[in-house]
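Open the structure in your viewer and keep the sequence panel beside it. The stops below say what to select and what is found there.

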Amino acid sequence: VEVSLTAHGVLRVANDGPPIPPETLAHLATRFARASSRTEGSGLGLAIVSTIAERIGSRLVLTSPRPGTTSGFCAELAVPHGSAGD
């Protein structure tokens, strides 16, 4: 897993693995959605991140394969810049 924060405030989490089909990717941020029945977890993580993004005035962007590759998954969230004194 790679985690990065760009100078422009984009938080990016990416991992390697088989690409996720577009029809599955489109629903991954809904509650209880998982990319595969073999995947562990309850399917709430991306739904929670999507809700946080909405509440801070941002958007969760999911891509697969990762940009510039033929595999993996990437989740990006633009973190709003606060003004001085916040």
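A residue is called buried when its relative accessible area is under 20%, exposed when it is over 50%, and partly exposed in between (1.4 Å probe, protein chains only). With that cut-off, 23% of the 86 residues of the protein chain count as buried. The model is a predicted one, in which local features need pLDDT of at least 70, side-chain atom pairs count only at pLDDT 80 or more, and totals for chains, interfaces and linings use all residues. Residues are numbered from 1 along each chain as its sequence is written, and side-chain values use heavy atoms, with hydrogens and water left out.

**Stop 1: the whole chain**

Show the protein chain as a cartoon. It has two helices and four strands; these are DSSP runs numbered from the N terminus, helices being H or I with at least four residues and strands E with at least two. Starting at the N terminus, the order of elements is β-β-α-α-β-β. Now switch on the surface: the accessible area is about 6000 Å², and carbon and sulfur atoms hold 57% of it (Shrake-Rupley method, 1.4 Å probe; for residues, only the protein chains shown count as cover).

**Stop 2: the sheet**

Select the four strands. They make up an open, antiparallel sheet in the order β1-β2-β4-β3, where two strands pair if DSSP finds at least two bridges between them. At the edges are β1 (2-5) and β3 (60-63), each pairing on one side only. On average, neighbouring strands are turned by 15 degrees against each other, direction ignored; axes here are lines fitted to C-alpha atoms, for helices over the stretch in contact, and angles run from 0 to 180 degrees between N-to-C directions.

Next, zoom in on β3 and β4 (residues 73-78), which are antiparallel and joined by four bridges. Pick L60: its bridge partner in β4 is L77. Then add helix α2 (residues 45-55), which packs on the sheet, touches β3 and β4, and points at about 140 degrees to the direction of β3.

**Stop 3: the core**

Select I20, L25, L28, L60, L62, F73 and A75, the seven residues of the largest nonpolar core. Such a core is a set of buried Ala, Val, Leu, Ile, Met, Phe, Trp, Tyr and Cys residues joined through side-chain atoms within 4.5 Å. What does L62 contact, apart from its neighbours within four places in sequence? L62 meets L25, L28, A29, L46, F73, C74 and A75, a contact being heavy atoms within 4.5 Å.

**Stop 4: the salt bridges**

How many salt bridges are there? The count is three, taking a side-chain nitrogen of Lys or Arg within 4 Å of a carboxyl oxygen of Asp or Glu.

Start with E2 and R66, whose closest N and O atoms are 3.9 Å apart. E2 is in strand β1 and R66 in the loop between β3 and β4, so this pair ties together parts 64 residues apart in sequence. E2 is exposed at 53% relative accessible area, while R66 counts as buried at 16%.

Add D16, which also bridges to R66, with closest N and O atoms 3.5 Å apart. D16 lies in the loop between β2 and α1 (22-25) and is exposed, at 56%. Through shared partners, E2, D16 and R66 form one network.

Finish with E76 and R12, a salt bridge of 2.4 Å from N to O. E76 sits in strand β4 and R12 in strand β2 (residues 10-15), so parts 64 residues apart in sequence are tied together. R12 is partly exposed, at 29%.
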